[in-house]
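Visitor: I would like to go through this structure with you. Could we begin once it is on the screen?

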There are 2 protein chains.
Amino acid sequence: MGAFPDKQAIDRRMNAIAGDREHGASALARRCLDIAADSALYYPAPDTPALTAILTAQAQDMSAARPSMAPIHNLLSRWQRELQGLNGLDLETARRRAADAARAVAKVSQAACRQAALHAQSLIGERQCVITHSLSSTLLQAFTALQGRGASLIVTESRPLCEGRNLALQLAGMGLPTTLITDAQLGLFVEKADLAMVGADSVLEDGTVVNKVGTYLLALAARENSIPFYVCCESFKQRDSSMPPFEPEEMSPDELNLGELPKVEIRNIYFDLTPPELITARVSEEGVSRCRLNKRC
Amino acid sequence: MGAFPDKQAIDRRMNAIAGDREHGASALARRCLDIAADSALYYPAPDTPALTAILTAQAQDMSAARPSMAPIHNLLSRWQRELQGLNGLDLETARRRAADAARAVAKVSQAACRQAALHAQSLIGERQCVITHSLSSTLLQAFTALQGRGASLIVTESRPLCEGRNLALQLAGMGLPTTLITDAQLGLFVEKADLAMVGADSVLEDGTVVNKVGTYLLALAARENSIPFYVCCESFKQRDSSMPPFEPEEMSPDELNLGELPKVEIRNIYFDLTPPELITARVSEEGVSRCRLNKRC
């Protein structure tokens, strides 16, 4: 029999959410649901009401750990609603139902990403060149389907963690012609592209897109060069009024590897805001929705 | 008696111009004049006509080594005109005159940079925040004079060589409040600034500014955030129709330190182009000249 995760192991995985730099918002949200499922099954609790109280508090803690990432809040909120019906059940049944519910919500999220990727593909014509910024797992799915269609990609490195490097490596490995540039070369290379397409970490109530810092510059350059700027993400990334006001996350300046700089204030904000006026269309599992605020639509 | 530079030492210094990543266009142009002065004094030549032929060929080689940098072409051309009058002189007099002329041209360039810096200062009000990109030695002079005026600076790192790091260190060392950001954070921080100010490597005939890649993105973000975008450089940076068509320099991808990336094409273009429509005013030794193509002037 395999070892079940104990209290310490679950606590450790929850605590790692705040510092996770490896996963995008959707993948991290599904990781939270995976931890939640394990907690539902194995976290110590004397009875069902105590268990649901613990699971609810944990879900809130995980949401609060990454306030810029709407899907963590949205998917865990959806799961918390399922927990409300469990209090009349015996502990073992409640544990199983809560875990199943977490896995079901994760599956809905995965299906939404797949569907959004399909809609994104439909926007990329034969032999077109796409410029993108940062790494979106949904877009990676969309780009994978471009093999054999003569498409090419321009990818920015995306300082400080350079997830663009990772994306470029994966795309080139699939045989897609891939060019990797520094973030500062965005403006030079946008004119070689037919369209710009990015993912999103969150979408604010007014349609403003929160994504890896530099996205706003790509949107400005796309408009200036008259190419469309598409944002592709599943609808779980939409923030609503029940969520705390958006605050972009700032990480340690040490990540920038700039060395000792006495008296210099080094800033490392991860996300910027792209207003709907700069977005040609939003793409989600529901389809392609042209942005009415963008005068070019 | 000190050792005079020999033929090999002069050749070595000339050959290093192409690979110099440390100096901006004006400083590198003056370095070329310094080498030219040494060559005038010490390079082997049987007589005056042979000397002027050698010096002219060397000047043309140095110009061609950095085609993006107009001041190298302009200052060396100015010097070459002085060489034309030397052929009737004896070799020793011709050597001295040619060296003096090179030093005189360098002094004119230095004085022009100082004067341009003074005009740039006049555009920065008390307690204003200036955002800049890359390192311009002329702007460094202008910023130095901001001490005690409550001004603050936002500086981009400027990948790949991160000369912004060096600028930030110098500004903070003078006691100026200085913030250092990645290039991708330009769009986020431009809204905290009262004005944007950059140097230039060259200015094309139509007023388009050639400067470190990323400058165009700063200009777009400045316009979008309704802050002025000033370009400050001495008039020797102006290209004219006698020069070869502008080709931005591309350097080795190894400089980006992105490691092994099989099948990925890595690009490392140093300069981008900012059209006059995005420039509020040009600042040179002659003063501040508002750009008529910019609708906000």
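Guide: What follows is a conversation about a predicted model, taken topic by topic.

Visitor: How are the two chains related?

Guide: A turn of 180° with a shift of 0.0 Å along the axis lays chain B on chain A, with an RMSD of 0.0 Å. That is the relation of a two-fold axis. The same surface serves both copies, since 100% of the contact residues of chain B recur in chain A.

Visitor: And how many residues of chain B are in contact with chain A?

Guide: There are 36 residues of chain B in contact with 36 residues of chain A.

Visitor: Which elements give two or more residues to that side of chain B?

Guide: They are α7 (163-173), β3 (178-181), α8 (186-189), α9 and β8 (264-266) of chain B. The largest share, 5 residues, comes from α9(B).

Visitor: What is the make-up of that side by class?

Guide: The residues of chain B that touch chain A divide into 21 nonpolar, 6 polar and 9 charged.

Visitor: Let us turn to the sheet. What is the strand order?

Guide: The open sheet has 8 strands in the order β8(A)-β3(B)-β2(B)-β1(B)-β4(B)-β7(B)-β10(B)-β11(B), with mixed pairing. At the edges stand β8 (265-266) of chain A and β11 (287-290) of chain B; each has a single partner strand, so one side of each is left without a neighbour in the sheet.

Visitor: How does β8(A) join β3(B), parallel or antiparallel?

Guide: β8(A) and β3(B) run parallel and are joined by 2 bridges. A:Ile266 has B:Leu180 as its bridge partner in β3(B).

Visitor: And what about β1 and β4 of chain B?

Guide: Strand β1 (residues 129-132) and strand β4 (residues 195-198) of chain B also form a pair, in the parallel sense, over 2 bridges. In β4(B), B:Ala196 is the bridge partner of B:Ile131.

Visitor: Which helices lie on these strands?

Guide: In chain B, helix α6 (residues 137-144) lies across β1, β2 (152-156), β4 and β7 (229-232), at about 115° to β7(B). Helix α9 (residues 215-224) of chain B packs on the sheet as well, touching β4 and β7 of chain B, and its direction makes about 160° with that of β4(B).

Visitor: Changing topic, how do α1 and α2 of chain A cross?

Guide: The axes of α1 (residues 7-16) and α2 (residues 25-42) of chain A come within 10 Å and cross at roughly 155°. That makes α1(A) roughly antiparallel to α2(A). The crossing is left-handed.

Visitor: Which residues meet there?

Guide: From α1(A), A:Ile10, A:Arg13 and A:Met14 meet A:Ile35, A:Asp38, A:Ser39 and A:Tyr42 of α2(A). By class, this contact has 4 nonpolar, 1 polar and 2 charged residues.

Technical notes: Residues numbered from 1 in each chain as written. Chains lettered and ligands numbered in written order. Predicted model: local features only at pLDDT ≥ 70, side-chain atom pairs only at ≥ 80, totals over all residues. Pairing = 2+ DSSP bridges. Helix = DSSP H or I, 4+ residues; strand = E, 2+ residues; numbered from the N terminus. Contact = placed C-beta atoms within 7 Å. Axes fitted to C-alpha atoms, helices over the stretch in contact; angles between N-to-C directions. Least-squares fit on C-alpha atoms with pLDDT ≥ 70 in both. Parallel < 35°, antiparallel > 145°, perpendicular 65-115°, else oblique. Left-handed = near helix turned anticlockwise from the far one by under 90°. Nonpolar A, V, L, I, M, F, W, Y, C, P; charged D, E, K, R; others polar.
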